[in-house]
Number of protein chains: 2
Amino acid sequence: MFYIIGLGLGDPKDITVKGLEIVKGCDRVYLEAYTSILTCGKEELEKFYGRPLILADRDLVELGANDILAGADEKDVALLVVGDPFGATTHTDFILRAKEKGIKFQVVHNASILNAVGCCGLQLYSFGETISIPFWTDTWQPDSFFGKIINNVKNRLHTLCLLDIKVKEPTLESLTMKKKVYMPPKFMTVSEAALQLLQIIDKRKEAGEDTGISEENLCVGLARVGSESQQLRVCSLKTMSTVDLGGPLHSLIIIGPYMHPVEMEYLEQFRICQQQ
Amino acid sequence: MFYIIGLGLGDPKDITVKGLEIVKGCDRVYLEAYTSILTCGKEELEKFYGRPLILADRDLVELGANDILAGADEKDVALLVVGDPFGATTHTDFILRAKEKGIKFQVVHNASILNAVGCCGLQLYSFGETISIPFWTDTWQPDSFFGKIINNVKNRLHTLCLLDIKVKEPTLESLTMKKKVYMPPKFMTVSEAALQLLQIIDKRKEAGEDTGISEENLCVGLARVGSESQQLRVCSLKTMSTVDLGGPLHSLIIIGPYMHPVEMEYLEQFRICQQQ
């Protein structure tokens, strides 16, 4: 049997009882650690589970499905993923490959950022399409995701922005080489995301476009949701570009033009004053 | 401390390790059982936790916050909810009341239907606004939610439809009486939901409106997501109105006009042929 098990968002104890039992009984257990990260490392998980884990990096997950699935028709193999198993396309694809090989699979769900963002008090039913904000480079500065925010705002909905992470990303120079060289991991912060959004707003304003979103638009910065060190801040987009919420992972919510009174009351506890 | 703990969607073992530890150590533990249900009952949970639970029905949660929170400034009290704690407005409101009383609180997240629907293979990032379909009565047949589906379809997004549940609903006759009489619980099925949608489509078609959604629109019926008896079916809305997926809870997805190849491939395993 092949198991794909969600670990939730915080520490080792966020695994479900069902998930933990399976982890303890499996022959091989892989830890996927490039589409997201927990606030704890592999060692801490191994200590809690009382067993070794095999780190499944990008190469192993995207190219080495055969290695991971090897023998899973006779033995029990598990792939642990941060959040919920269906949070990333990669994992859906992985299950399809298991099915192709005639390997039975079982999914163990857990919290993901898509529902845990509710912790800021905004109602999950008032969110529109979720977007991803990628790291810009000097030559690649896409802003097509901004149209989705505009659309959500028009529909009076909030927008959850998932912020880019780069883990085990090969350097441009090493892409053609036999031995890849990897860049240090980096995780987009709420201030970096807000800065990119402000640049897009400015550019479109200059071009005469009325996006309906200004630097005064309220937003929520979230860091390490679901962990003990979770931090939330509510302020304007402009102020968010100067906010430091500490270590990864960060997410950003663009608040829609309408809030329910309970949403407003709940958010108030995370409000920071506008900086002059 | 007041704890609000998500139980996930399936059986007793879907609680997280963190959640279970808290449940075992609390003075009083309430089980909220009217905004959603697990596939197991209170007795099974009590057996698994090795402790008694207090059933928190609608009256107790909405009117009896004082009772539930009593003494939580000195003792440990937990409220268990199906799915994730922030899945229902009621729970957000509950935390606000704890804050008003100066009671510290901690949230333990878990899977909710909002992320677990990913189990059908549709990407969570391709969903628009989530809607709720209410039970119609002879005199109350609202269809305003249909506008949101139209909007999602226009934006090439899927729509998750949460289906109404009525638990401990007082009868109309007993509303003015001192002693309320309650209706038997009922849970909307995918076929009931599809039937209501077909009626709305027909009505709007007759009125000359082009909704962009027809009885041939593909949809996914989901039952008891996250449990061992989980069932998924993919078919037209018309066929869905005849499909029986067994016991509660059910959810329905209206598939948007665009699917990624991986989404299509994954859905294929749940496809049922059109009935003649």
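# A walk through the two-chain model

Start with both chains on screen, coloured separately: chain A and chain B bury about 4300 Å² between them, and 57% of that area lies on carbon and sulfur atoms. Keep in mind as you go that this is a predicted model.

**Stop 1: where the chains meet**

Select the residues of each chain that touch the other. You should pick up 49 residues from chain A and 49 residues from chain B. Now look for charged partners across the interface of chain A and chain B, where six salt bridges turn up. To see a salt bridge up close, show the side chains of A:Lys18 and B:Asp11, which pair with an N to O distance of 3.2 Å. Switch on polar contacts as well: 24 residue pairs make them across this interface, with both residues at pLDDT 80 or more.

Which helices of chain A should you highlight on the side that touches chain B? Try helix 1 (17-25), helix 5 (89-100), helix 6 (113-116) and helix 10 (261-267), as each supplies at least two residues there. Give helix 5 of chain A its own colour, since it contributes the most to that side, with seven residues. If you colour the chain A side by residue class, you'll find 21 nonpolar, 17 polar and eleven charged residues.

**Stop 2: helix 8 of chain A**

Next, select residues 190-206 of chain A. This is helix 8, with 17 residues, and from first C-alpha to last it reaches 24 Å, close to the 24 Å expected at 1.5 Å a residue. Show its side chains and look for the buried ones: among them are A:Val190, A:Ala194, A:Leu197, A:Leu198, A:Ile201 and A:Arg204.

What do the buried residues of helix 8 pack against? Bring up these parts of chain A:

- strand 6 (131-133), strand 7 (159-163), strand 10 (218-223) and strand 12 (250-254)
- helix 7 (145-154) and helix 9 (237-240)

Before you leave, step just past the end of helix 8 to A:Gly208, which has a positive phi of about 85°.

**Stop 3: a serine in a loop**

Finally, centre on A:Ser174, in the loop between strand 8 (165-166) and strand 9 (186-187) of chain A. Is this serine buried or exposed? A:Ser174 has 0% relative accessibility, so it counts as buried. Zoom in on its side chain, which reaches the backbone nitrogen of A:Val181 at 3.0 Å. Leaving aside residues up to four places away in sequence, A:Ser174 touches A:Lys179, A:Lys180 and A:Val181, so show those three to finish the tour.

Conventions: Residues numbered from 1 in each chain as written. Chains lettered and ligands numbered in written order. Predicted model: local features only at pLDDT ≥ 70, side-chain atom pairs only at ≥ 80, totals over all residues. Heavy atoms only, no water. Contact = heavy atoms within 4.5 Å. Buried area = accessible area lost by both parts, 1.4 Å probe. Salt bridge = Lys/Arg side-chain N within 4 Å of Asp/Glu carboxyl O. Polar contact = N/O pair within 3.5 Å; in protein donor to acceptor, adjacent residues only side chain to side chain. Helix = DSSP H or I, 4+ residues; strand = E, 2+ residues; numbered from the N terminus. Nonpolar A, V, L, I, M, F, W, Y, C, P; charged D, E, K, R; others polar. Expected span 1.5 Å × (residues − 1). Buried < 20%, exposed > 50% of the residue type's maximum accessible area, 1.4 Å probe, protein only.
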